[in-house]
Structures are given as structure tokens and as C-alpha cells.
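Below are some notes for a colleague who is opening this structure for the first time. They are numbered so that each can be checked against the model.

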Amino acid sequence: MQTKELRLALVCYGGVSLAVYMHGLTKEVWKLCRASMRRHAPPGTELPPARDSEIVYQALLDSLPGLDLRVMCDIVAGASAGGINGVLLARALVEGHDLDAIRSLWLAGADSDVLLDRKAASRPLSKLWAIPLVWWVRRRGLEDEDKAEVAAHGEVKAKLSRFMRSRWFKPPFSGPAFAGLLADAFAAMEKGERSPPLVPALHPFDLFVTVTDYHGAPQRLRLNTPEEVTEPEHRLVIGFTCPGDGAERHMGPTPDLVFAARATASFPGAFPPARLSEIDALLAARGDDWPGRQAFINRVLPGRANPESVDLIDGAVLDNRPFGPALAALGKRPATREVDRRFVYLDPKPGMHDDGDSPSHVPGFFATILRSLADIPRQQPIRDSLGAIEAISARARRLRHIVIGMMPQVDAAIDAAIGMRLLLFSPSIERLAAWRSKMNSEAAKATGFAYGAYGRLKFAMVAENLAERLAGLGGQDVGQVRASLWRHLNAAGLNQPESALGKAGAASPYVLFLRQYDVEFRIRRLRFLIRRVNMEMTGADEATSQALGRVKAGLYAILSPHLMCWPNAGSDRTEAAAARAAAANAIADPASALAAMATALDLKALDARSDAELVALLASGLHRRLRRDLVAAYLGFPFFDIAILPLIADGNVDELDEIKVDRISPEDCSELAAAGGQRLKGALFNAFGAFFSRAYREHDYLWGRLHGAERLIDLVISSLPMKARPTEKELGEIRRAAFRAILAAEKAHLVDIPDTFAALEAALAE
């Protein structure tokens with residue numbers, strides 16, 4: 001059976017009270033990942049019972065013809081309301097916590113009366129004059145709808161009135177109350193039903209939330225004239241990484257996560273800015289401590305003279321669509337099978353501020369101020385982000401075209417250098433090493449002037465990577481480490497790729513340097529060989545496909561430790577401790593730092609294991625001609641790398657793989673359109689609507705789950721080859737099974753929306 005991973009990088013947009021809808025969406029991501037984890041858990045693993053849509057997802061994954069598909073979410077980035085949901089989802093994915101346990105907190109706690117700051121309350125009549133102003137600056141297309149909701153729902157009218165009567169020019173919502181609710185959510189998740197982590201122990205996970213530094217951190221910029229200027233940087237990303245080092249899965253200390261969630265959702269005017277002291281007071285009131293406080297400050301607010309005075313506001317002010325951090329995290333991801341990488345963005349209200357007025361209408365004074373300060377910056381389209389992703393995919397297509405065009409010439413060069421030995425003899429460890437060394441030399445000689453440029457580029461990339469790793473490992477300034485390292489390398493005469501062309505080129509200092517530190521070349525070569533296996537599988541018969549499938553799985557197993565070389569170099573092994581100590585002195589003694597890093601990486605031992613595993617794979621029942629082609633691809637890789645590396649040197653992802661982008665929003669879900677759901681209640685009152693009614697929150701949460709189920713089923717199906725996908729009728733039945741399971745699970749908890757359930761049940765009965 002073919003094996004494959006559907007990997008989701010989740011980007012969660014802001015949306016104020018639409019956070020409740022997004023909780024429904026992220027819960028379905030969690031349930032799909034739980035269903036996948038359940039299928040791949042080792043025998044004897046203690047698992048909680050599967051419930052509602054999770055059962056449907058598991059049945060769907062079990063039924064995929066000829067494909068063992070694993071679904072994993074390994075990157076989450078969010079802003080504002082999306083940031084809160086991203087933090088909670090990340091904790092559940094990485095540590096196996098329970099998202100079902102916080103349903104009641106969302107439904108009861110995300111309420112204006114709960115969040116209202118009582119100290120900001122004023123006299124009952126103090127702001128009645130402001131209510132007409134609010135209606136007046138509202139967009140004309142929503143005015144009647146908002147008023148109709150107030151007239152129809154006494155709860156909305158009363159809570160909106162209390163919200164409006166809060167003291168003018170003071171945030172109506174309480175920051176401490178908000179932080180307390182977040183802490184309660186983490187506690188409830190931890191006490192809930194536990195499962196094994198949904199991200200494997202050897203796979204890294206990254207979480208990012210955007211925040212806005214109100215005052216800004218001073219950043220020094222180098223110019224021609226003047227030589228240096230200082231400007232404030234207001235954008236800030238709070239990141240959490242769980243390395244795939246096999247250790248116990250842990251997203252981060254709870255106070256760190258509470259602060260990140262609180263800060264990213266500090267909607268201007270509604271909540272006060274977030275400060276560290278707010279979390280200190282919360283922990284003190286609950287008798288808890290924050291042992292990692294200083295380490296968190298050093299990591300998130302480095303170099304601040306007074307971090308206690310830093311004010312952080314809503315991340316959506318400057319970055320409501322955090323694709324950038326998620327893209328940056330793609331670089332080093334281990335893989336034991338074929339990967340279908342998706343960027344999935346959750347947009348609760350696409351086009352939410354599309355003005356209904358005609359183009360000839362001139363915006364009014366207050367409307368212009370409101371939109372320019374709040375709406376337009378948040379709602380800029382993601383064209384730039386999509387352009388960056390499409391550029392990666394377009395480059396991948398161009399590079400594949402180059403590779404295919406070069407293959408006949410490279411094959412001819414291999415035949416000239418090794419000849420029939422490649423076909424007649426099975427590769428042994430000794431033969432593989434000898435052939436590889438010969439083809440490295442042939443590639444260097446055959447490419448002439450291009451090899452000099454390629455060699456210096458590769459050397460520079462390795463040196464820059466070493467500087468960054470040593471600086472991070474030793475806590476040193478990367479610029480100073482880089483300068484010291486380059487002085488040492490140049491003085492030692494290592495940056496001379498032409499030395500590889502001589503008789504003793506294989507033993508030259510340049511080649512020995514690459515053997516000790518060039519992990520990336522080894523990764524590129526293995527991935528290239530995996531792609532060649534994929535090419536051979538196209539159109540192959542069943543027996544050949546199965547044999548190649550085993551080879552591909554084995555190649556991914558060989559690749560995985562290469563991807564973990566750098567993270568493991570910072571683990572708690574004895575040699576890693578020595579590397580950290582030497583790295584701390586890298587500026588003064590770069591030679592010792594390099595030697596310690598070479599020992600920690602131990603690429604010689606890794607090469608020996610990889611060669612043995614590769615030889616065993618190639619001897620595992622492959623036809624002689626097929627084996628020859630795969631060995632030729634492996635040996636001929638230096639030719640391809642010389643041509644391709646200059647084209648991909650500015651990227652940090654595997655540039656021959658395309659990335660697909662999918663959206664989940666109310667507009668993308670049509671299966672239950674007859675029952676409503678395209679219009680969310682949280683979108684009312686400039687996206688504050690769900691704060692004013694539990695019924696609104698129940699409505700949006702339920703539709704979030706339903707929309708999430710529909711789109712995630714679509715994503716799973718889209719990973720199948722076209723010929724293996726179900727018919728539209730079969731797909732509709734799968735979706736409806738998930739809908740029925742969700743309705744059955746939620747009906748007892750969502751008691752304020754009987755009409756919604758009636759409409760949904762009627763639609764499903766048709």
C-alpha cells in the first residue's frame with residue numbers, strides 16, 4: 001500500500017468574536033488529527049474512545065483505496081482571535097490535551113458581561129448619546145441587520161447597552177478577566193481526556209502568534225549615509241517550537257502560552273494592552289509561579305531595557321495573515337513517506353468589510369477614520385503571501401524541467417566514467433564509496449568554471465549556517481561569530497574549491513570541511529533520489545510499484561536523521577554539552593568551536609550508516625536495470641546540484657516540491673447551504689456580535705464544526721489520485737455522516753438554538 005502524509009500548516013485569521021466560530025473549525029482539525037493518530041498508534045497504546053466526527057474521519061482514512069494516509073498539523077500561525085485558537089490547538093496537538101473540555105468556556109466565557117471591566121462602568125445614561133453615533137458610522141449594508149438583531153433579542157439589547165455604557169475612552173473589557181479565562185481553558189484541557197500526542201515524537205512542531213508592540217523596539221539600521229539610524233519595530237512574533245528530538249512532547253509553560261494568547265488578541269479599544277505584570281498578578285492570585293519567566297522574556301523581548309513596561313496590542317493590527325512565519329518554518333521537516341504539503345488558512349469572514357456603497361459615494365468623516373485605522377489594515381488580501389507560495393511552486397516546476405533535460409547528459413557521463421560495472425555489479429559499501437568519489441571528481445572537472453562558483457557558494461552556505469548555529473548554541477552575537485569564523489576559514493585556506501580538482505582532491509581541506517559539516521548536500525541528494533523513485537513508479541506494474549514503495553520508505557528513513565542533525569547537536573549528550581561550551585567561546589576561538597561541532601554532528605558515522613542502509617535497499621529485489629537507474633541518479637547528483645543550487649540558494653524550503661493552498665471559510669461550504677450558515681452571528685456589530693448572546697455563540701460554534709468537517713473531508717479526498725476519488729454522491733454521504741455525528745454530539749450542549757438544529761436536521765433528511 002502506498003504511504004503518504006497530508007501535512008497541514010494552519011494560518012488562523014483574526015475576527016474578534018468570530019473566535020467562537022474558529023474554535024469549531026480548529027476542533028475539527030484536532031479531531032481529524034486524532035483519527036489519524038489512532039490508526040498509526042503502536043499496538044497496546046491506551047487510547048480514549050473515538051467520538052462523533054472522529055469516527056467518520058477514521059472510517060474515511062481506513063477506506064482510502066491503496067493509500068495509507070497520515071494527516072498531521074505541524075505548523076500553526078495565528079493572529080488575534082486566530083492566535084487564541086492557534087495556541088489552544090497547538091497545546092492539544094502536541095501534548096494530547098482535550099479540546100472538547102473547553103466548549104463550555106467558549107460558550108459561557110466569551111460573553112460581554114463576563115469580560116466587561118466593572119471598574120470602567122459608568123452611570124446608566126452617560127453614553128446613551130453615543131449609540132446613534134455607533135449606528136451612523138456603521139456600514140450601511142449592516143445597519144438594518146444590526147438593528148433587527150437588537151430588536152429581536154432582549155439579551156443582545158441589554159448586553160449591548162451595558163457595553164456601550166462603559167466609561168468613554170476606557171477599554172470596556174477587562175484584561176485580567178480575559179487572561180483568567182485563558183488560564184482556565186488550559187487547566188480544563190489538561191484535566192480533560194488525554195490521548196497520545198498527535199504529532200510524532202521525531203517530528204518538530206512550530207507555533208507562531210503575531211502581536212504589535214505599541215511603543216516599538218529600537219532597531220539599528222546600517223546605511224551609506226548616515227552610517228546608522230534607529231527606527232522602532234512594532235511587529236513582533238511570539239514563537240514556540242517543540243523539537244522532534246524524541247523527548248516528551250511539551251509546547252511550553254502555561255504562563256508563556258497564556259501571555260501569548262492574551263497579547264495577540266488585545267483588540268485596540270476593546271481590551272487594554274497586555275503587560276507581563278498582568279500574568280504575574282493572575283498567577284499570584286491563584287498561588288502559581290512562573291519559573292521560566294526570565295527565559296521567556298529573554299527570548300521574546302530580547303535586549304529590552306525595561307520589559308515590564310512593554311505594551312502589546314492585537315497582532316492583527318500589522319499582521320492579520322501570518323503566512324510569513326509559517327513559510328519560514330518549512331525548511332527542516334523530517335519525512336518517512338511522501339508528503340502532500342498544504343497551507344490551510346481559516347478566514348471566518350472573507351471580504352468582511354466590502355462596502356456596499358456605490359463607487360461614486362464619498363466616504364464620511366467617521367467611516368473613513370474607522371476603516372483606515374482598523375478595518376483596511378486587517379483586511380488586506382493575501383495576494384503577497386500567495387505570490388510567495390506560488391513563486392516556490394513555479395520555481396519547482398522550472399527546476400524539474402531543468403533536471404529532466406540534463407538526465408541524458410549525466411547518464412552519458414556516468415557510463416563514460418563507470419561503464420558496465422554499474423549494471424553488472426550490485427553496489428557494495430566499498431563500491432558505492434568509490435563510485436561516488438569518482439563521480440564527484442568527474443562533475444567538478446566536467447563543469448569547468450561553473451564548479452568554482454558552485455564550490456564557493458556551497459562553502460559560503462555551510463559557513464553561514466555554522467555561524468548561525470554556533471551563535472544560537474553559545475548565545476553569542478551572530479554577526480561577531482560570523483566575522484570570526486570567516487577570518488579563521490580564510491586564514492586556513494579552506495575556501496578553495498579548485499583544490500578538489502587535483503590528484504589528492506578527495507583529501508583536500510576544502511573537501512574534508514564539507515564532509516564534516518555539509519549536511520544540506522546530503523539532504524538534497526537523498527531527496528533527489530526519492531524523486532527519481534517517484535518518476536520510476538509512474539506507469540510501473542504492481543510488483544515494481546511495491547518494490548519501489550519499499551525503497552522509497554527506506555530512503556525516507558535514511559533521510560530523517562539527516563534532517564535532525566542540527567537539532568540533535570544541541571541535545572543533552574556529552575558531546576553536545578562540549579559543543580555548547582565551545583560555541584560560547586566561538587568569537588575568541590572559532591577553531592575549537594568548529595571541532596566541537598564536528599564531533600557533535602558526527603557525519604562520518606552517519607554516512608557509514610546511510611551507505612549500509614542504501615546498499616541494503618538497492619539489493620532488495622529490484623530489477624537490475626531499475627537498480628542501475630537509481631544508483632546512477634544517486635551518483636550523478638553532483639552534476640544536477642552544480643546546476644540547481646545557485647537557483648535555490650536564497651530559499652529555505654525543498655524547492656522541488658510544490659505547496660498547495662486551501663481556504664476554509666463560510667463561503668466555501670455549500671453542502672448545508674439550505675439550512676443557512678453562510679452568515680455568522682459573530683459578524684454582527686463590526687464582528688463583536690457573538691459577545692452579546694450565548695445563542696449567537698452556539699450558532700457560530702456549531703457552524704464552525706460543520707464547515708470544518710466539510711472542508712477537511714474535501715482536503716483528505718484531494719490527496720487521492722483522481723481515479724481513486726469518490727463520486728460526488730459518495731462524497732456527499734461522507735460529509736453527511738460527519739454532520740449527523742456532530743449534531744448528535746452537540747445537541748445536548750447547545751440548548752439555545754433549537755431552530756438551527758431543526759433546519760439542519762431537515763436539510764439532512766432530504
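1. Cysteines. In this predicted model, Cys242 has a relative accessibility of 3% and Cys669 one of 4%. Both residues count as buried because these values fall under the 20% cut-off. The whole structure contains 0 disulfides.

2. Overall make-up. The protein chain is built from 32 helices and 7 strands. Of its 766 residues, 53% are buried. Among contacts with a separation of 6 or more, 81% join residues 24 or more positions apart.

3. Largest nonpolar core. This core holds 126 residues, and Phe205 and Leu207 touch the most other members. Helix H30 (residues 694–718) is the element that gives the most to the core, contributing 12 residues. A second core, separate from it, has 84 residues, including Leu514, Tyr556, Ile558 and Tyr634.

4. Surroundings of Leu207. Leaving aside residues up to four places away in sequence, Leu207 touches Val76, Gly86, Val87 and Ala90. Its other partners on that count are Ile238, Gly239, Phe240, Met251 and Leu257.

5. Packing of H2 and H31. Helix H2 (residues 53–63) packs with helix H31 (residues 728–746) at an angle of about 155°, and the two axes are 8 Å apart. Angles over 145 degrees count as roughly antiparallel, so H2 and H31 are described as roughly antiparallel to each other. On the H2 side the contact is made by Ser53, Val56 and Leu60. On the H31 side it is made by Ile734, Ala737, Ala738, Ala741 and Ile742. By class, the contact of H2 with H31 has 7 nonpolar residues, 1 polar residue and no charged ones.

6. A cis peptide bond. The bond from Thr225 to Pro226 is cis, and its omega is near -10°. Pro226 sits in the loop that links strand S3 (205–222) with strand S4 (228–242).

7. Positive phi at Val16. Although Val16 is not a glycine, its phi is positive, at about 55°. Val16 belongs to the loop between strand S1 (2–12) and helix H1 (19–40). Is Val16 buried or exposed? With a relative accessible area of 14%, Val16 is buried.

8. Positive phi at Asp602. Asp602 is a residue other than glycine, and its phi is positive, near 50°. Asp602 is placed in the loop between helix H25 (590–601) and helix H26 (603–618). At 40% relative accessibility, Asp602 counts as partly exposed.

Terms used:
Residues are numbered from 1 along each chain as its sequence is written. This is a predicted model: local features need pLDDT of at least 70, side-chain atom pairs count only at pLDDT 80 or more; totals for chains, interfaces and linings use all residues. Side-chain values use heavy atoms; hydrogens and water are left out. A disulfide is a pair of cysteine sulfur atoms within 2.5 Å. Buried means under 20% relative accessible area, exposed over 50%, partly exposed in between (1.4 Å probe, protein chains only). Axes are lines fitted to C-alpha atoms, for helices over the stretch in contact, and angles run from 0 to 180 degrees between N-to-C directions. Helices (H or I, at least four residues) and strands (E, at least two) are DSSP runs, numbered from the N terminus. Angles under 35 degrees count as roughly parallel, over 145 as roughly antiparallel, 65 to 115 as roughly perpendicular and the rest as oblique. Contact means heavy atoms within 4.5 Å. Ala, Val, Leu, Ile, Met, Phe, Trp, Tyr, Cys and Pro count as nonpolar, Asp, Glu, Lys and Arg as charged, and the others, Gly among them, as polar. A nonpolar core is a set of buried Ala, Val, Leu, Ile, Met, Phe, Trp, Tyr and Cys residues joined through side-chain atoms within 4.5 Å.
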